[in-house]
Amino acid sequence: MPIGVPIEFAGVTKRFGAVNAVNDLSFTVEPGRVTGFLGPNGAGKTTSLRMLLGLVRPTSGTATFGGVPYRQLPNPLTAVGAALEAASFHPGRTARNHLGVYAAAAGLDKARVDIVLGKVGLSEYADRRVGGYSLGMRQRLGLAGTLLGDPGVLVLDEPINGLDPEGIKWIRLFLRELAAEGRTVLVSSHLLSEVQQSVDDVVIIARGQLVHRGPLSSLDTEATPHVIVNSPTPEALAAALTAAGLSHAPARAGLLVAASDPAQIGHVAFAAGVEISVLHRQETGLEDSFLSLIAGGGER
Ligand SMILES: Nc1ncnc2c1ncn2[C@@H]1O[C@H](COP(=O)(O)OP(=O)(O)OP(=O)(O)O)[C@@H](O)[C@H]1O
């Protein structure tokens, strides 16, 4: 059984001319867990993963696997499985053929081909030409390729992008399984909702900088609480809130007030003689926290 090692980013910075693509990024990705590497398009995820895999040289800092840079791993294919962009396959080759070529080139046991095809659920299509595969089947084949060397670490860039609901369900379970086997699994995405059901931890970057890291549940405490309040006389309510120094904005169900305690808003309305028709705390979800985190963040 492969044992995962931690992935460590330590003060990693990458500048492309005047563009600070990644800025002093430090975090650790633990084995046995699925970690979502999240951020909006252009946040610096791909550049970070490319540095991790030795494809781009950092301006400063180090990104390592158990303390060893990718290029110094004695046997990289059996240590790290990586899929950086939608893999392109020769349409005339079968899946078995395709993986067989890779296995031979990497000096891996040919028996691994059937094992990984089975793991990704492609056994019965192994001898079909890849040209006839759906996008979901191609994604599975790409994953099969990353597993050929039975690596303890998996680095996958946007593996869920473009999958249909069935494919999404499958890959979520699959990622969980890989982590349960003790592997380190790092998965990038620009959508929290896409990976929310399969990740244990999140690392969130925006504008090249780390804005949050921790267990998925830690995002809950990041949410800014709000209260929704409404009145048959909304102008009077708005005036009372303003007079009490509470900022507010129009929302679908009334006014959205930046406050955590509905009782405080009820008191302000009561003291001003304003009748209220709606008063409740607005539950903020993980997605709200994620969006507010990536909307803030530092300058490049
Ligand atoms: N080779 C390069 N030369 C110049 N600028 C680059 C280069 N590669 C990336 N950048 C810039 O670095 C920033 C981060 O890009 P990167 O592709 O890493 O973001 P990302 O989070 O992966 O986004 P996406 O999900 O859209 O790929 C962007 O501003 C991008 O334009």
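Okay, before anything else, one bit of vocabulary: two strands count as paired when DSSP finds at least two bridges between them. Keep that in mind, and keep in mind too that what you're looking at is a predicted model.

So, let's begin with a bridge. In strand S13, the residue that partners Ile 228 is His 280. Zooming out a little, strand S10, residues 226-230, pairs with S13 over 5 bridges, in the antiparallel sense. And helix H9, residues 262-271, packs on this sheet, where H9 touches S10, S12 and S13. The direction of H9 makes about 150° with that of S13.

Now the whole sheet. What is the order of its strands? Reading across, you get S11-S12-S10-S13, an open sheet of 4 strands with antiparallel pairing. Strand S11, 248-251, and strand S13, 278-282, are at the edges; each has a single partner strand, so one side of each has no neighbour in the sheet. On average, neighbouring strands here are turned by 25° against each other, if you ignore direction. As general background, strands in a sheet pair through backbone hydrogen bonds, either parallel or antiparallel.

There's another helix to point out here. H8, residues 234-243, lies across S10, S11 and strand S12, which is 254-257. H8 runs at about 10° to S12.

Stepping back to the chain: the domain assignment gives domain 1 as 7-85 plus 150-218, and domain 2 as 225-283. How far apart are the C-alpha centres of the two domains? They lie 42 Å apart.

Next, the ligand. The residues around it include Phe 16, Val 19, Ala 21, Asn 41, Lys 45 and His 190. Two elements give two or more residues to that shell: strand S2, 19-29, and helix H1, 45-52. H1 has the largest share, with 3 residues. By type, the shell divides into 4 nonpolar, 7 polar and 1 charged.

Last stop, Leu 77, which you'll find in helix H2, residues 76-79. Is Leu 77 buried or exposed? Well, in between. A residue needs 20 or more other C-beta atoms within 10 Å to be called buried, and Leu 77 has 19 C-beta neighbours inside that distance, so Leu 77 counts as partly exposed. Leaving aside neighbours within four places in sequence, Leu 77 is in contact with Ala 106 and Gly 149. And Leu 191, which is 114 residues from Leu 77 along the chain, has its C-alpha atom 29 Å from that of Leu 77.

Notes. Residues numbered from 1 in each chain as written. Predicted model: local features only at pLDDT ≥ 70, side-chain atom pairs only at ≥ 80, totals over all residues. Near = placed C-beta within 6 Å. Nonpolar A, V, L, I, M, F, W, Y, C, P; charged D, E, K, R; others polar. Buried ≥ 20, exposed ≤ 12 C-beta atoms within 10 Å, placed from the backbone. Contact = placed C-beta atoms within 7 Å. Domains from an automatic or database assignment. Axes fitted to C-alpha atoms, helices over the stretch in contact; angles between N-to-C directions.
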